[in-house]
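Biologist: Before we chat about this one, could you put it up on the screen? I'd like to ask how each label is earned.

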Amino acid sequence: MKTSSVIFVLALSALLSCFALSVATAADCYLLSPGCLDATFGTGTGKVLINTDGNISSSLDLDSAKGVAIQADGKILAAGETTLPGNIYKFVVVRVNADGSLDPTFGGTGMVTTSFSSGSDRAYAVALQSDGKIVVAGTASAGSRIIFAVARYNQLDGSLDATFGSGGKTTVSFGSNPQTGDTEARSIAIQPDGKIVVAGFTGSSGALARLNSNGSLDTSFGGGGKVTSSILGGPTVAVALQPDGKMLLGGSTSTRKAGLNFAVLRYNANGTVDTAFGSAGLATADFAGFDDRVRALAVDANNNIVAAGYARTSSGAVSSNFGVARFSPSGVLDSTFGTGGRVVTDVFGNWDDCYALVIEANGKIIADGFSYGASGVQSYFTIVRYNTNGTLDGNFGAGGIVTTNMASGPDNFAYGLAIESDGKIVAGGTADTPNSNSGFYLALARYFP
């Protein structure tokens with residue numbers, strides 16, 4: 001187990017006392033230091049827990065934030081899932097004010113729930129258009145199958161935008177898949193021209209769809225607005241746009257018998273594979289000869305491509321660590337980053353998994369996800385900040401790492417990440433209640449940059 005110190009401070013109007021704790025305890029700090037929780041968010045804790053459905057009595061009550069976005073006015077959006085009676089899950093979008101309080105102008109309560117079907121519908125990603133409208137992507141039930149689902153909301157009050165799709169909603173099916181029949185959207189990006197790119201997977205193939213601003217499929221893209229690729233041999237969950245209009249799709253691919261590699265596939269603006277990128281359009285990274293998977297993508301100011309997810313150093317889940325790789329604009333691993341373009345971060349010597357990634361204006365990289373403590377029982381929100389060369393940023397948290405116990409229960413998982421205009425870092429996810437038979441809150445935390 002790796003240990004480092006975290007400063008815990010109890011502050012009123014003046015500094016009263018401080019003492020150091022091991023990073024394994026995930027102690028919360030409220031100094032104005034990088035990585036410390038922002039006590040002006042929430043009720044003096046830097047943390048906000050939201051029960052989106054009024055029920056927390058069942059272990060199947062899984063309120064969560066999967067994506068986070070910051071509006072121009074500083075309000076924070078979190079999109080994910082809420083639980084209805086019968087353990088049916090629905091899209092939920094929550095908006096909080098800058099202090100973490102629910103914004104009642106949004107849906108009347110600060111929360112909007114959206115149903116696509118009589119079954120479960122789950123939101124995984126949120127993006128903001130230039131006009132402030134809110135676009136959320138995820139999955140919807142379609143009989144025995146699962147398909148892409150996209151909803152658009154008005155910024156003013158969170159109402160569905162009637163100019164999009166059918167009553168503010170649209171779905172995309174990639175046809176019956178012989179393996180699973182399921183098509184899941186996990187990521188979304190908005191082009192400068194307002195077109196919406198939605199990424200995910202259908203069976204074991206990567207899947208991309210492009211929508212016009214009114215929600216219809218853009219028939220100038222791929223085959224009727226959709227493309228798939230069997231090159232990506234595992235769930236594809238990330239999309240990023242380059243300034244030249246090309247699209248990056250991230251996931252994993254099996255290029256060897258030992259397991260999966262990080263994989264990034266690049267498409268031209270018309271939906272054809274860009275064969276000039278990497279090897280015939282595909283860039284890969286292998287960390288230690290075991291399963292690795294991209295969960296998030298970003299493009300930096302130099303058009304380098306940063307991919308983050310998990311990297312395994314052995315075959316067991318306990319060996320899963322934060323993995324980050326950087327590729328040149330041509331799809332070659334960047335030797336100036338980490339070791340041969342790759343960085344592995346082990347937080348507690350147990351199971352770590354990275355789900356989100358942002359690049360700050362200064363080029364530093366922030367990744368978030370979760371880590372289990374050495375006991376393997378307690379998990380924490382985990383945020384890691386890297387310098388531009390891939391080294392851990394020692395000025396952030398404890399040696400570049402911050403862990404947070406969001407609630408008194410054993411499970412805390414961060415899935416979404418966003419940066420405010422002042423540089424503060426907002427992480428979103430889910431937090432467990434102390435009773436193992438109780439459910440989860442939608443959870444948000446804000447940290448100093």
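Modeller: Sure. Strands here are DSSP runs of at least two residues, numbered from the N terminus. Keep in mind that this is a predicted model.

Biologist: Good. Which strands each supply at least two residues of the lining of the largest pocket?

Modeller: Strand 4 (64-70), strand 8 (122-128), strand 12 (183-190), strand 16 (238-241), strand 20 (292-299), strand 24 (352-359) and strand 28 (412-419). Strand 20 gives the most, with six residues.

Biologist: How much space lies in that largest pocket, and which residues lie nearest its centre?

Modeller: The space comes to about 1300 Å³. There are 40 lining residues, and V126, S187, I188, L357 and L417 lie nearest the centre.

Biologist: And what is the lining made of, nonpolar, polar or charged?

Modeller: The split is 32 nonpolar, four polar and four charged.

Biologist: Let's turn to rings. How many aromatic pairs are there in the whole structure?

Modeller: A search turns up 12 aromatic pairs. Take F370 and F413: their ring centres are 4.7 Å apart and their planes sit at 75 degrees.

Biologist: Why is that pair called edge-to-face?

Modeller: Rings pair when their centres lie within 6.5 Å, and planes over 60 degrees apart count as edge-to-face. F370 and F413 have centres 4.7 Å apart and planes at 75 degrees, so the pair is edge-to-face.

Biologist: What parts does that pair tie together?

Modeller: F370 lies in strand 25 (residues 365-372) and F413 in strand 28, so the pair links parts that are 43 residues apart in sequence. Both F370 and F413 are buried.

Biologist: What makes the pair of F413 and Y415 tilted?

Modeller: Planes under 30 degrees apart would be stacked and over 60 edge-to-face, with the rest tilted. F413 and Y415 have 35 degrees between the planes, at 6.5 Å centre to centre, and the pair is tilted.

Biologist: How do you know that F413 and Y415 are buried?

Modeller: The cut-off for buried is under 20% relative accessible area. F413 has 12% relative accessibility, so F413 counts as buried. Y415 has a relative accessible area of 18%, so Y415 is buried too. Ring pairs link W351, Y355, F370, Y372, F413 and Y415 into a cluster.

Biologist: What makes you say that K169 lies over the face of F116?

Modeller: The charge has to be within 6 Å of the ring centre and within 35 degrees of the ring normal. K169 lies over the face of F116 at 5.5 Å from the ring centre. K226 lies over the face of F174, at 5.5 Å from the ring centre.

Biologist: Which way do the side chains of strand 11 point, K169 included?

Modeller: Along strand 11 (residues 169-172) they alternate: T170 and V172 point to one face and are buried, while K169 and T171 point to the other and are not. Strand 11 runs antiparallel to strand 10 (residues 145-153), with four bridges joining them, and K169 is the bridge partner of A151.

Biologist: Why do strand 29 and strand 30 count as paired?

Modeller: Two strands pair if there are at least two bridges between them. Strand 29 (residues 425-432) and strand 30 have eight bridges, in the antiparallel sense. Strand 3 (residues 47-50) and strand 30 also pair in the antiparallel sense, over four bridges. In strand 30, L442 stands opposite I50, and L442 is also the bridge partner of T430.

Biologist: What makes strand 30 mostly covered?

Modeller: Seven of its eight residues, in the range 440-447, are buried.

Biologist: Now the loops. Why is N303 called partly exposed?

Modeller: Partly exposed covers what falls between the 20% and 50% limits. N303 has 35% relative accessibility, so N303 counts as partly exposed. N303 sits in the loop between strand 20 and strand 21 (305-312), and has a positive phi of about 65 degrees although it is not a glycine.

Biologist: And I305 in strand 21, is it buried or exposed?

Modeller: I305 has 0% relative accessibility, so I305 counts as buried.

Key: Residues numbered from 1 in each chain as written. Predicted model: local features only at pLDDT ≥ 70, side-chain atom pairs only at ≥ 80, totals over all residues. Heavy atoms only, no water. 1 Å grid on protein atoms, 1.4 Å probe; cavity = no way out; pocket = protein on both sides within 12 Å on 5 of 7 lines; lining within 4 Å. Points joined across faces, edges and corners; volume = space filled by probe spheres on them. Nonpolar A, V, L, I, M, F, W, Y, C, P; charged D, E, K, R; others polar. Buried < 20%, exposed > 50% of the residue type's maximum accessible area, 1.4 Å probe, protein only. Phe/Tyr/Trp six-rings, centres within 6.5 Å; stacked < 30°, edge-to-face > 60°.
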